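Colleague: I am new to this structure and would be grateful for a close look at a single part of it. Please choose one chain, describe how it is built, and then place it in its surroundings.

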Amino acid sequence: MSQVFHEIEKKIIFSLKNNPTQTTQSLEISTNLSSDQIRRGIEWLKLKDLAIVKESKTSIICLGKNGLESFEKELPERRLLNLLNNEPRKLSDLQKELGFVFGPAMGLARKNNWVEVSSDQISLKNIPDILPGEKTLKHIGKNKMPINEIDKNDLSLLFKRPDFIVEEITKIKEISLTESAKSIELSDSSGAIDVEAKVPEIFVARTHPLKDTLDEIREIFVTLGFSEIIGNMTQSSFWNFDALFTPQDHPARELQDTFYLDSITSKKIATPEQIRKVSESHKKNWRYNWDINEARKMALRTHTTCVTIKHLAEKKPDEARIFSLGRVFRNEKVSYKHLVEFNQIEGIVVGKDANLRNLMGIQREFYKRIGITKIKFWPTFFPYTEPSLQTMVYNERLGKWIELFGMGIFRPEVTKPLGITKPVLAWGGGIERIAMLKYGLDDVREFYNNNLNWLRSATKCQ
Amino acid sequence: MPVVELSYTRLQKLIGKVSKKQISDSLPFLGLDIESEDKDLVRVEYSPNRPDYSTDFGIALGLQGLLGIKTGAIKLNVKKSKNFSISVDTSVSKIRPFVTGIVAKNGKIDDKMIKQFMTMQEDLHFGIGRKRKKSSIGIHDLDTISFPLLYTTTDKNHKFIPLNSDKSVTLSEIITNTDLGKDYGSILGNSTKAPIILDSNKQTVSFPPIINAAVTTVTTKTKNLFVEVTGINKDDAEDMLSVVATILQKAGFVLEIVHISGSKNSTPKLEQKKISVTPELINQTLGLNLKPSKIISSLKKSRLDASSKGKQIICTIPAYRFDIFGPMDLVEETALGYGIQNLEPMLTPSQTLGQINPISRELKSLSNIMVGIGFLESLNSSLTSKRVLYEMTNRNTEKIISVLDSKSQEHTILRDLIFPGLLENLSRNIHESYPQKMFETGTVFTLDNPISEKINFSGISAHKDANYTEIKSVLQSALKIGFDIQIDTKTTTHPSFETGHCATVLLNGQSIGIIGEINSKIIENYKIRVPVVGFEISLSDSVLESI
């Protein structure tokens with residue numbers, strides 16, 4: 001298989017073919033690449049199993065303050081000897097010219113027998129061409145280099161002098177080619193790039209995954225002939241409960257299930273006729289004293305059914321397909337399966353021929369369009385529909401049936417007081433559950449966490 | 001929804017020839033959701049409108065019908081006698097005016113049954129009893145009581161030994177010191193008197209609706225039972241009694257009448273009622289074409305009686321089925337007896353034309369534009385907290401709309417602005433890479449006789465180079481491309497924004513929102529380490545105004 005290499009990789013391979021084991025520093029020199037380029041190139045080659053990196057610890061040597069000064073101005077003893085090159089000099093003059101390095105320079109010169117001192121005159125004696133340490137000082141210069149590249153004797157001499165040598169222990173990487181890399185033929189002519197290489201990720205700006213699900217559901221119902229209506233999230237208890245035949249002492253109406261707004265009531269909840277007829281239906285069927293003040297309490301809607309029933313009571317259509325999609329509220333403890341605020345769809349069909357099998361047919365079609373084919377219907381109970389059913393859908397991932405939409409036909413006790421004469425099919429349910437299936441989530445809170453890591457990466461799984 | 005625990009082997013004994021699988025397959029079609037299963041035990045959820053399903057006896061009756069083992073209505077056989085009576089004193093009329101009851105003899109009681117009766121009692125109290133307010137029930141060992149009984153009132157210093165105790169205490173002590181007293185004492189109001197049932201030896205039988213006497217406790221040795229129900233409404237009390245009577249009869253007891261008189265009380269009849277329904281209504285509502293005979297057999301499977309009379313089907317409904325109000329309920333009973341699984345879904349072509357609401361359409365197009373500009377769509381709750389909405393953003397809290405008794409501190413106040421939520425989102429993402437740009441459209445709430453709901457649009461951008469020019473460009477371009485409108489900005493101050501870097505957003509000279517650099521103190525509050533710029537405008541007051 002012919003492989004395509006990045007320019008950096010080519011240079012590294014080429015250099016390693018000539019000189020099989022190198023440090024990153026020597027690669028920098030031999031390839032003329034920056035240390036960052038070398039680092040990246042080695043990573044790429046390692047991933048492709050073309051390079052072996054051996055890490056070892058080593059001492060790195062560089063010159064200290066006095067060492068650097070000596071590198072720039074020559075060693076103090078060399079400076080002394082240079083001053084004596086032409087003629088013997090007075091001790092005091094030399095002291096003046098060399099300053100505080102005179103002492104150590106003089107000491108060395110005398111110890112090594114390079115000078116002769118008579119009264120206060122100093123003159124040259126035997127001088128070697130290269131003084132001890134001098135060559136190494138020049139070799140190191142301003143560089144940092146591994147200890148093994150430096151003359152040991154010289155180094156130990158220089159070490160003894162204060163602030164001449166600084167030693168750091170560092171990790172050294174030795175790079176060599178793997179067997180397969182050694183056989184690579186580099187050709188410069190192709191100009192091809194590595195089209196198989198990994199590329200950086202882009203953070204895509206996107207609409208919210210839950211909104212996408214809402215849009216998808218909205219589109220399905222529109223194509224099934226339904227029109228969308230929008231209603232308020234704050235509703236009087238009259239429309240949220242009373243109009244839907246939920247008695248005022250029903251447990252669902254209590255504070256622990258419903259959010260009531262603190263000290264806010266609605267003065268004009270419905271027409272006097274609507275209020276009279278609804279209250280009569282309650283008194284007759286549920287046998288209690290209906291209280292208008294209960295009906296005036298403002299609540300956060302617990303379902304979108306209040307929006308559709310209000311619409312029906314106002315328009316009294318003979319034929320209609322309507323849906324409403326929006327937030328609803330329940331006073332619950334937030335958990336992985338419960339939110340206090342979530343989205344619900346509510347749909348209705350009005351018509352003289354509307355019947356339970358139609359209602360089931362619409363459900364089946366809807367589920368089919370969102371990709372759920374394994375469904376069944378079970379009976380259930382809602383205060384405002386009769387008969388009432390719920391859909392169960394099979395979730396392959398969880399391996400069990402889960403409950404989705406509830407449905408039914410509005411009870412005569414609901415429709416008659418509001419002057420609705422035709423049968424009304426109604427269904428509804430939470431959207432988050434469907435979205436959880438789509439995005440493979442087990443925790444419904446994720447939709448509202450706005451966790452960028454998730455929003456930037458969430459993908460549909462169904 | 002209430003839950004009842006059943007045993008397959010017990011159900012099999014009660015139902016007759018039936019397999020475990022037949023039972024578990026049929027339960028959902030009675031409206032009973034299986035919650036969990038463990039070998040012989042199965043826990044099912046039942047609807048509060050069917051309190052007869054609170055015991056395995058009631059469920060067995062339903063399954064017998066559905067499986068065709070025994071169909072038709074359950075008839076209560078109440079033995080007539082003069083052995084048992086309760087007289088009612090008029091003093092109860094202002095506190096808890098009604099009492100009713102029945103005697104059940106010659107039964108066998110085991111631990112399981114006692115446990116089931118206790119949960120049945122609790123479910124009845126909670127559901128149709130409305131937490132004992134409407135009606136409450138007491139079940140006693142008949143042989144510890146000497147009839148006739150008196151239902152009357154007494155002073156609260158009246159003493160007796162209550163259930164699960166061996167000490168004689170006063171009614172006041174029960175109300176103030178016991179859990180039951182604390183929970184239900186308030187039902188009796190502020191009266192100085194309390195209702196009491198006494199037997200002919202002046203021994204206390206029950207202190208309704210709070211607690212029975214210890215002496216009448218039902219044990220596995222009990223053979224004969226006395227059941228009393230008290231309440232504020234005669235019909236409701238008798239409804240509750242009818243459920244218990246039906247279950248006790250199924251449990252093998254022989255029922256015997258209790259005569260009741262005084263203060264508008266009378267002996268319960270526990271009568272069946274008759275409701276008629278037409279085959280047309282049934283067929284039209286279900287989308288079927290069933291013959292009257294099929295309808296009748298289906299109704300019988302739902303444990304009702306039915307017969308044809310002319311064009312009507314006359315249905316006989318036992319007293320315990322008080323969830324049946326009228327003909328539409330019989331449609332459902334027919335469907336259940338017919339079997340929901342036998343109803344084939346049918347899609348009739350739509351005669352109506354569908355339409356997306358224009359507001360949804362406009363919001364969607366705005367979302368698309370914002371995504372094009374590089375903003376990620378965010379979603380926050382409209383019910384949020386004072387901390388997020390006001391404290392963190394340094395705004396005053398005069399006009400907050402709060403909900404009562406929220407179970408979650410994070411959800412107590414309706415938002416009047418979106419951007420505090422977006423800032424909160426940024427603060428939760430400080431470890432994610434920048435730039436971070438987010439927007440949200442959604443409903444905001446303000447007090448306005450009683451409440452006005454409007455749609456707002458907010459966007460924020462956070463990164464090291466974020467500045468006023470950037471965010472104004474974003475808003476200007478989004479509105480220009482989305483709605484072909486041109487906004488202006490005029491300098492202003494706002495507690496959440498940096499002074500000198502904040503403007504009112506104007507459309508045709510009218511203010512529709514705010515834009516600018518978020519105040520550095522607020523950014524600090526949120527522990528965000530980069531500059532943040534943002535805007536929020538009302539769409540309802542601008543581009544959506546005419547929709």
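Modeller: Two residues are said to be in contact if their C-beta atoms, placed from the backbone, lie within 7 Å. The model discussed here is predicted, and the part I have chosen is chain A. Counting only those contacts in chain A whose residues are at least 6 apart in sequence, 69% link residues at least 24 apart.

Chain A contains 20 helices and 17 strands. Its radius of gyration is 44 Å, well over the 23 Å that the globule rule gives for 462 residues, so chain A is more spread out than a compact globule. The spans of its C-alpha trace along the principal axes are about 135 × 60 × 30 Å. Of the 462 residues in chain A, 39% are buried.

One element to examine for burial is helix H15 of chain A, residues 305-315. Because eight of its eleven residues are buried, H15(A) is largely enclosed by the rest of the structure. The buried residues begin with an unbroken run, Thr305(A), Cys306(A), Val307(A), Thr308(A), Ile309(A) and Lys310(A), and are completed by Leu312(A) and Ala313(A). Just beyond the helix, Lys316(A) adopts a positive phi of about 45°.

Lys310(A), one of those buried residues, also helps to show the extent of the chain. It is 149 residues from Arg161(A) in sequence, and the two C-alpha atoms are 97 Å apart in space. Arg161(A) itself is found in the loop that joins helix H9 (152-160) to strand E7 (165-177) of chain A. A residue needs 20 or more C-beta neighbours within 10 Å to be buried, and 12 or fewer to be exposed. Arg161(A) has 17 inside that distance and therefore counts as partly exposed.

The packing of helices in chain A can be illustrated by one pair. Two packed helices are described by the angle between their axes and the distance between the axes. For helix H5 (residues 76-83) and helix H6 (residues 91-98) of chain A, the angle is about 135° and the axes are 11 Å apart. H5(A) is therefore oblique to H6(A), and the crossing is right-handed. On the side of H5(A), the contact is made by Pro76(A), Arg79(A), Leu80(A) and Leu83(A), and on the side of H6(A) by Leu94(A), Glu97(A) and Leu98(A). By class, these are five nonpolar and two charged residues, with no polar ones. An α-helix has 3.6 residues a turn, so residues three or four places apart point the same way. The spacing of Pro76(A), Arg79(A), Leu80(A) and Leu83(A) along H5(A) may be read with that in mind.

The surroundings of chain A include chain B. Their contact takes 75 residues from chain A and 69 residues from chain B. On the chain B side, the elements giving two or more residues are helices H7 (234-250), H8 (279-286), H10 (327-338) and H11 (358-373), together with strands E21 (376-377), E24 (436-447) and E25 (451-462). H10(B) gives the most to this side, with six residues. The chain B residues that touch chain A divide into 27 nonpolar, 30 polar and twelve charged.

Key
Residues numbered from 1 in each chain as written. Chains lettered and ligands numbered in written order. Predicted model: local features only at pLDDT ≥ 70, side-chain atom pairs only at ≥ 80, totals over all residues. Helix = DSSP H or I, 4+ residues; strand = E, 2+ residues; numbered from the N terminus. Nonpolar A, V, L, I, M, F, W, Y, C, P; charged D, E, K, R; others polar. Rg over C-alpha atoms; globule rule 2.2 N^0.38 Å. Axes fitted to C-alpha atoms, helices over the stretch in contact; angles between N-to-C directions. Parallel < 35°, antiparallel > 145°, perpendicular 65-115°, else oblique. Left-handed = near helix turned anticlockwise from the far one by under 90°.
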